[in-house]
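Hi everyone, thanks for making time this morning. Let's pull the structure up on the screen and walk through it together.

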Amino acid sequence: KQWYQRRVRGLHCTGSLCTACCHSLSLSRHFLVFVLMFGLLSLFRMTSDATVTNGHTKPVSSSKKEWVRLNVGGTTFLTTKQTLCKDPHSFLCRICHDEQLIDSMRDSTGAFLIDRDPNYFSPVLNYLRHGKVIIDKNLIEEGVLAEAEFYQISSLVRLLKARLREKDDGNHSKRTQQVYRVLQSHEDELTQMLSTLSDGWKCEQVINIGSGYSYECNQSEFLILASYQLDSVDNDQSPNKFIDKIQLP
């Protein structure tokens, strides 16, 4: 009987031990599954936040900009690839992506070398930054147009050509015209006539045409070519209407 009781107690202890071992193994399996899932999730996040370039993984941040230095005619400009690529067909965008140009067009500091006028490059770069054409008073629009054509920024080329056409149309609407008159004078009257020319009249030439028509007159005759400039004459109007207001001596 005692042996039987000891046997039963032994079996009971053995059963408890097995139950504990099974419970421990179950927890281990759950822990391993958790670790495996966490590792896979971390790997997936790392992969989604990276881009592969030439076989190398390069992290990309949405808030980080890729800055570019340009050496234009000896002057350094600092901008971003996003700005330079506003026109994807422009020369400035190509130098950011063409590896052959990237390797061959850099100075000792790593800036892209461009042999152009830096003063006229500033309006071009500012246009790419904010889309507005702002030209310094010391620069001319034709020069900025030449730079825009060189960098192949088509939208800026069209805008500048339109502005130049408007300016030409405004200049053609008003023009100046030169009015000429020929005066005849005797030799003794020549000096007085030249000194009494009205304001605005200019003596262009004095021509000696010899003696007068009378054989008895020994004085020489002179022709005076005088000019007057009419400003702001409309194309549709004849300058003759202004001639009556011009007084000759």
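I'd like to start with one side chain. Arginine 116 has a relative accessibility of 25%, so it counts as partly exposed. Before I go further, please keep in mind that this is a predicted model.

Who does this arginine pair with? Arginine 116 makes a salt bridge with glutamate 147, and their closest N and O atoms are 2.8 Å apart. The two come from distant parts of the chain, 31 residues apart: arginine 116 sits in the loop between S5 and H5, while glutamate 147 belongs to helix H6, residues 141-151.

Now, is glutamate 147 buried or exposed? Its relative accessibility is 7%, and because buried means under 20%, glutamate 147 counts as buried. So in this pair a partly exposed arginine 116 meets a buried glutamate 147. Setting aside residues up to four places away in sequence, glutamate 147 touches Arg116, Asp117, Tyr120 and Val124. As a general reminder, side chains of opposite charge can pair when their charged atoms come close.

Let's move to the other salt bridges. How many are there in the whole structure? The search finds five, and I'll pick out a couple more.

One of them is between lysine 167 and glutamate 141, with the closest N and O atoms 3.6 Å apart. Lysine 167 lies in helix H7, residues 154-173, and glutamate 141 in helix H6, so this pair ties together parts that are 26 residues apart in sequence. Lysine 167 is partly exposed at 40% relative accessible area, whereas glutamate 141 counts as buried at 10%. There is a third player here too: salt bridges with shared partners join Glu141, Arg163 and Lys167 into one network.

Another one is the salt bridge between the side chains of glutamate 66 and lysine 81, at 3.6 Å from N to O. Glutamate 66 is in the loop between strand S2 (56-59) and S3, lysine 81 is in helix H2 (residues 81-84), and the two are 15 residues apart. Here both partners are partly exposed: glutamate 66 at 46% relative accessibility, and lysine 81 at 27%.

That brings us to the sheet. In what order do its strands run? It is an open sheet of three strands, ordered S4-S3-S5, with mixed pairing. At the edges are strand S4 (75-80) and strand S5 (112-114), each of which pairs on one side only. From one strand to the next, the twist averages 30°.

Let me take the two pairings in turn. S3 and S4 run antiparallel and are joined by six bridges. If you want a landmark, valine 68 has threonine 79 in S4 as its bridge partner. The hairpin of these strands has two residues between them, and glycine 73 there takes a positive phi near 60°.

On the other side, strand S3 (residues 67-72) and S5 run parallel, with three bridges between them. Here the landmark is valine 72, which stands opposite isoleucine 114 in S5. And lying across S3 and S4 you'll see helix H5 (residues 118-130), which runs at about 5° to S4.

Last stop, the nonpolar cores. Which residues touch the most other members of the largest one? That core has 29 residues, and the answer is Leu70, Leu92, Ile95 and Tyr151. Elements giving two or more residues to it are S3, helix H3 (91-97), S5, H5, H6 and H7. H5 gives the most, with six residues.

Tyrosine 151 is a nice one to click on. Beyond its neighbours within four places in sequence, tyrosine 151 is in contact with Val72, Ser90, Phe91, Leu92, Ile114, Arg116, Phe121 and Val124. You'll recognise several names: Val72 and Ile114 are in that list, and they are the residues that stand opposite each other in S3 and S5. Arg116 is there as well, the partner of glutamate 147 in our opening salt bridge.

Apart from this largest core lies another, of eight residues, including Leu183, Met193, Trp201 and Ile224.

That's the tour. I'm happy to go back to any part of it on the screen.

Definitions and conventions: Residues are numbered from 1 along each chain as its sequence is written. This is a predicted model: local features need pLDDT of at least 70, side-chain atom pairs count only at pLDDT 80 or more; totals for chains, interfaces and linings use all residues. Side-chain values use heavy atoms; hydrogens and water are left out. Two strands pair if DSSP finds at least two bridges between them. Helices (H or I, at least four residues) and strands (E, at least two) are DSSP runs, numbered from the N terminus. Axes are lines fitted to C-alpha atoms, for helices over the stretch in contact, and angles run from 0 to 180 degrees between N-to-C directions. Contact means heavy atoms within 4.5 Å. A salt bridge is a side-chain nitrogen of Lys or Arg within 4 Å of a carboxyl oxygen of Asp or Glu. Buried means under 20% relative accessible area, exposed over 50%, partly exposed in between (1.4 Å probe, protein chains only). A nonpolar core is a set of buried Ala, Val, Leu, Ile, Met, Phe, Trp, Tyr and Cys residues joined through side-chain atoms within 4.5 Å.
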